[in-house]
Amino acid sequence: MTILIDTVALVLLLLLSVGLLRIWLGPEPADRMLASQLFGTTGVALLLVLAESQGEPALRDVALVLALLAVLATVAFVTRVMQVARADSAGERRDA
Amino acid sequence: MPDSLVTLLQALLLTLGCLFFLVGTLGLFRLPDTLARIHALTKADNLGLGLIVLGLLPSVPGPATAAKILFIWLVALAASATAAHLVARTVRASDSRSDREDGA
Amino acid sequence: MKALDAAIRTAWLFVAWWALAEGEAAAVAFGLGAVPLIALLSWRLFPPGARRPRVLATFAFGGYFLVGSVAAGVDVARRLLSPRLPISPGYMSYKTSLPAGSPRWLLANTLSLLPGTLSVTLRGPEIELHCLDTTAEVHDAVARAEEHIARMFPL
């Protein structure tokens, strides 16, 4: 069982790194924002599995906080992009 | 249920969970646009997380911890659905803006 | 009725605390003092709404949602693993008859986790969805989800 749980952790870590490669490639800012979702699910799963294999209950709290922060990160991103977009369109109107 | 059967079931759930995470990551590379990638990431990864949580349930120390990881799964579900909606809305808004620019 | 609502909410908060503390005796004892205060605070901040979700319908919805999210994962997997990638993405809009507030919000979030749909914008009763496959019968699936939620929040 321990070997299996460790293997699962390794696989999840690998998938997380591959996902990060995609996010690095982009190209849109929204593509990059998917990183928060990736960590919100794969990262949470990885932490839960590690909490089991390392016998470290505190990691479950980290998983919970990570899931909550993932949404806040997205909200911050969306608010910023919307602001930039609004500023852009205001600039266009002035140009016209 | 005998222990070996529980272990077998656990192994099955954890492996299936990993496979769905693999599908989610595959989706990031195979799908053509951001919105389609959000589909894959939201649905496949949440199922993967659910399966891994179920697979871990028999090995956690007590019922409180079991309730906790189920609770974490629910939070992650709500978080993922909300984040998916927010990113999709932003993509949509910038899409319609570039449509207008193309039309002009 | 109000006292019962308050008791139920306090009990739920206590269960949540017990789970978060992983059942550790000292932490749970601390919760005995803290939970009533939190319940009081939450009562001031979020007074109970006029509509309380029905218990049986909520369980029915939970089952429907679980089956739906498994189907969603399998559906995505099937499309992605097929070499010719059978998708035809597109937008569609749906007018919901659900009342504003949590029912609509729940529908939008649920649809994002059900097969083939992703809620994009929510303007009044109008929900704009992104579909992975516009040739599939999306409309019926959305109507079914809506019906389940309508049963949870009786008018």
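So, the largest pocket: in this predicted model, its lining takes in 46 residues. The ones nearest its centre are Leu74(B), Trp12(C), Pro53(C), Thr58(C) and Met152(C), so keep those five on your screens for a moment. On the secondary structure side, the elements giving two or more residues to this lining are helices H2 (34–56) and H3 of chain B, plus helices H1 (2–20), H3 (55–81) and H4 (102–113) of chain C.

How much space lies in the largest pocket? About 2,400 Å³. As for the chemistry of its lining, we have 32 nonpolar residues, nine polar and five charged.

Now, where does the largest pocket lie with respect to the domains of chain C? Domain 1 (2–45) and domain 2 (55–152) each contribute residues to the lining, so the pocket lies between them.

Let's turn to cavities. Searching the whole structure for cavities of 30 Å³ or more turns up one, and the space in this largest cavity is about 60 Å³. Two or more lining residues come from each of helix H2 (29–54) and helix H3 (58–95) of chain A, and from helix H3 (63–103) of chain B.

If you'd like to find the cavity yourselves, chain A gives Ser36(A), Gln37(A), Gly40(A), Thr41(A), Ala70(A) and Val71(A) to the lining. From chain B, look for Ala76(B), Ala79(B), Ser80(B) and Ala83(B).

And which classes of residue make up that lining? Five are nonpolar and five are polar, with no charged residues.

To recap, friends: the pocket lies between the two domains of chain C, because both give residues to its lining, while the cavity is lined by residues of chains A and B.

Key: Residues are numbered from 1 along each chain as its sequence is written. Chains are lettered from A and ligands numbered from 1 in the order in which they are written. This is a predicted model: local features need pLDDT of at least 70, side-chain atom pairs count only at pLDDT 80 or more; totals for chains, interfaces and linings use all residues. Side-chain values use heavy atoms; hydrogens and water are left out. On a 1 Å grid over the protein atoms alone, a cavity is a set of points where a 1.4 Å probe fits but cannot get out, and a pocket is an open set with protein on both sides within 12 Å along at least five of seven lines; lining residues have an atom within 4 Å of a point. Grid points are joined across faces, edges and corners, and a volume is the space filled by probe spheres set on the points. Helices (H or I, at least four residues) and strands (E, at least two) are DSSP runs, numbered from the N terminus. Ala, Val, Leu, Ile, Met, Phe, Trp, Tyr, Cys and Pro count as nonpolar, Asp, Glu, Lys and Arg as charged, and the others, Gly among them, as polar. Domain bounds come from an automatic or database domain assignment.
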